[in-house]
Amino acid sequence: MIEILRRARPKPKTVKPAVSDGGEPPDGRLFHVCDGVIDILASFFNVSGRELRAHSRCERSVARVRQIGMYVAHVTLSLSMTEVGRAFGRDRSTVNHACHLIEDMRDEPEFDRVVQTLENILRAAFLRSGMVRQ
């Protein structure tokens, strides 16, 4: 799975931000949701949750998994980039960069299937919480 992440090459493209319903989830719930996203990413990619939560720089493959997580949290859960950044311990501009990068990498079919699978998992995991609409 990590090999797919290394092979994918980004191409310039624009990303449309997810539209939120106007209400921001409380910080506690936001952190709980993003913590769940990180746990799912750690299991799916077999990487350390501790590394994904680290505020410092890390290996490129771990950073790529974190970028996928930020992208999927923004797109699938309709969280703003500011909310995702706050929950992942990153700046909004870092989330913006991650979203553009991952969207560009989705041109590769195998990588797109990985991201689509994660989107489906998150949609199913957070459907009952009201974070995802049917």
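Biologist: Where is S78 found?
Modeller: This is a predicted model, in which local features need pLDDT of at least 70, side-chain atom pairs count only at pLDDT 80 or more, and totals for chains, interfaces and linings use all residues. Residues are numbered from 1 along each chain as its sequence is written, and side-chain values use heavy atoms, with hydrogens and water left out. Helices (H or I, at least four residues) and strands (E, at least two) are DSSP runs, numbered from the N terminus. On that basis, S78 sits in the loop between α4 and α5 (81-88).

Biologist: Is S78 buried, partly exposed or exposed?
Modeller: Buried means under 20% relative accessible area, exposed over 50%, and partly exposed in between (1.4 Å probe, protein chains only). The relative accessible area of S78 is 28%, so this residue is partly exposed.

Biologist: What is phi of S78?
Modeller: S78 is a residue other than glycine. Its phi is nevertheless positive, near 55°.

Biologist: Which residue follows α2?
Modeller: The residue has a positive phi of about 55° although it is not a glycine. It lies in the loop between α2 and α3 and is exposed, with a relative accessible area of 71%. The residue following α2 is N46.

Biologist: How many helices are there in the protein?
Modeller: From the N terminus on, the elements run α-α-α-α-α-α-α. There are zero strands, and the number of helices is seven.

Biologist: How far apart are the end C-alpha atoms of α2?
Modeller: The expected span of a helix is 1.5 Å times one less than its number of residues. For the 19 residues of α2 this agrees with the model, because the expected span and the distance between the end C-alpha atoms are both given as 27 Å.

Biologist: Which residues in α2 are buried?
Modeller: Across the protein, buried residues make up 44% of the 134 residues. In α2 the buried residues are L30, V33, C34, G36, V37, I38, I40, L41, A42 and F45.

Biologist: How many disulfides does the structure hold?
Modeller: A disulfide here is a pair of cysteine sulfur atoms within 2.5 Å. C34 is buried at a relative accessible area of 1%, and C99 is buried at 0%. The number of disulfides in the structure is zero.

Biologist: How many salt bridges does a search of the whole structure find?
Modeller: Side chains of opposite charge can pair when their charged atoms come close. A salt bridge is counted when a side-chain nitrogen of Lys or Arg is within 4 Å of a carboxyl oxygen of Asp or Glu. For the whole structure, the number of salt bridges found is four.

Biologist: Which residue meets R53 in a salt bridge at 3.0 Å, N to O?
Modeller: R53 is partly exposed at 29% relative accessibility, and its partner is partly exposed at 34%. The residue whose side chain meets R53 at 3.0 Å, N to O, is D35. R53 lies in helix α3 (residues 49-53) and its partner in helix α2 (residues 27-45), so the pair ties together parts that are 18 residues apart in sequence. A salt-bridge network links R53 with D39 and this same partner, D35.

Biologist: With which residue does R106 form a salt bridge, the closest N and O atoms being 3.0 Å apart?
Modeller: R106 counts as buried at 14% relative accessibility, and the side chains of R106 and D112 meet in a salt bridge at 2.6 Å, N to O. D112 is partly exposed, at 26%. The residue asked for is buried, with a relative accessible area of 5%. The salt bridge of R106 with closest N and O atoms 3.0 Å apart is formed with E119.

Biologist: Which element gives the largest share of the lining of the second largest pocket?
Modeller: On a 1 Å grid over the protein atoms alone, a pocket is an open set of points where a 1.4 Å probe fits, with protein on both sides within 12 Å along at least five of seven lines, and lining residues have an atom within 4 Å of a point. The lining includes R60, A63, R66, Q67, M70, T94 and H97. The elements giving two or more residues are α4 (60-76) and α6. The largest share, five residues, comes from α4.

Biologist: How much space lies in the second largest pocket?
Modeller: Grid points are joined across faces, edges and corners, and a volume is the space filled by probe spheres set on the points. For the second largest pocket this is about 270 Å³.
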